[in-house]
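Student: Could we go through the aromatic rings of a model together?
Tutor: Happily, let us look at it first.

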Amino acid sequence: MMRARPHELQPGTLRVISVRMNYLPAHAFFAKTLKNPQLGYISRYALGRDYHKLLRNRLKRLGEMIQEYCEGIDINFRPFVDSAPILERPLAAKAGIGWVGKHSLILNQEAGSWFFLGELLIDLPLPVDKPLEEQCGRCVACMTTCPTGAIVEPYVVDARRCISYLTIELESAIPEEFRPLMGNRIYGCDDCQMICPWNRFSQLTNEDDFSPRQKLHTPKLIELFQWDEPTFLKITEGSAIRRIGHLRWLRNISVALGNAPYEAQIIPLLESRLGMSDVLDEHIVWAVKQQLEKRGENAIEIQTSQQKRLIRAVEKGLPRDA
């Protein structure tokens with residue numbers, strides 16, 4: 001299994017240097033965004049520039065500095081940031097960066113969990129650090145606060161229930177049972193980190209690249225749903241958000257609009273996106289029903305014959321031309 005044998009990724013590897021980089025911005029506005037159902041909540045790590053390139057370049061520079069220090073010795077190294085099957089969290093724990101919390105993230109007594117991890121594989125027999133003692137104790141705050149109950153037991157996360165997985169990794173339809181529980185979370189989820197007592201000691205980032213982008217900071221759902229694909233691609237250029245694509249972006253926002261309080265403009269806005277894809281149609285139909293129910297009307301009441309046909313097809317699992 002390559003992920004447990006780093007030397008197969010980088011021949012000659014003797015040590016793995018594990019590093020962390022803080023990403024929490026000074027003005028994260030957790031409560032302001034999450035508690036307002038008319039705004040879209042984006043996981044705090046994705047508000048700024050994608051961290052992969054930045055952290056990888058820093059690791060490369062670290063390797064070069066080690067090479068300069070070891071004058072006369074030819075060393076080989078290779079940086080990794082989510083770019084290969086490496087067990088980054090167990091490695092970080094063994095390296096003494098922190099311990100694995102019950103939410104499965106790495107926790108540090110002085111820095112909480114708001115940081116990225118990266119690895120530098122190197123062929124030097126460097127000293128080995130000692131792991132830190134686990135300090136979660138009896139605390140189960142992360143488990144009890146998870147909106148979908150994804151932390152099924154200490155240190156075990158069921159990805160199929162995790163909002164981060166559902167909004168980022170899942171390409172198909174989001175299971176209906178989880179949609180009301182997602183609230184206004186449209187890209188990722190930070191609940192288990194926000195509730196963690198150790199994050200009272202979190203360190204803020206001083207990296208400008210991680211500062212929130214204006215159009216992603218406390219954004220209105222109605223405005224986000226109106227972005228066409230060119231607008232989405234332009235605003236998310238260099239952002240981790242871009243990789244989910246425009247259709248999944250609209251899918252996630254559809255769910256959030258369905259969970260939002262009733263507003264007259266939401267229903268026609270949702271209906272304007274019908275016909276773009278089967279998966280998106282399913283979520284739009286669901287969201288329209290939620291809005292109609294909040295308005296106190298029959299959820300079957302849809303205005304045009306085309307929309308009625310699309311909704312029947314989605315509900316029956318038929319092709320759209322049926």
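Tutor: Buried means under 20% relative accessible area, exposed over 50%, and partly exposed in between, with a 1.4 Å probe and protein chains only. This is a predicted model, where local features need pLDDT of at least 70, side-chain atom pairs count only at pLDDT 80 or more, and totals for chains, interfaces and linings use all residues. Residues are numbered from 1 along each chain as its sequence is written, and side-chain values use heavy atoms, leaving out hydrogens and water.

Student: Are Tyr 23 and Trp 114 buried or exposed?
Tutor: Applying that scale, Tyr 23 and Trp 114 get one verdict: both are buried.

Student: Which kind of pair do the rings of Tyr 23 and Trp 114 make?
Tutor: Rings of Phe, Tyr and Trp (its six-membered ring) pair if their centres lie within 6.5 Å; planes under 30 degrees apart are stacked, over 60 edge-to-face, and the rest tilted. Here the centres are 6.1 Å apart and the planes meet at 85°, so the pair of Tyr 23 and Trp 114 is edge-to-face.

Student: And how are Tyr 45 and Tyr 51 paired?
Tutor: Their centres lie 6.4 Å apart, with 80° between the planes. That makes the pair of Tyr 45 and Tyr 51 edge-to-face.

Student: Is Tyr 51 buried or exposed?
Tutor: Its partner Tyr 45 has 21% relative accessibility, so Tyr 45 counts as partly exposed. Tyr 51 has 10%, so Tyr 51 counts as buried.

Student: How many aromatic pairs are there by this rule?
Tutor: Ring pairs link a cluster that includes Tyr 23, Tyr 45, Tyr 51 and Trp 114. By the same ring rule, the count of aromatic pairs is 12.
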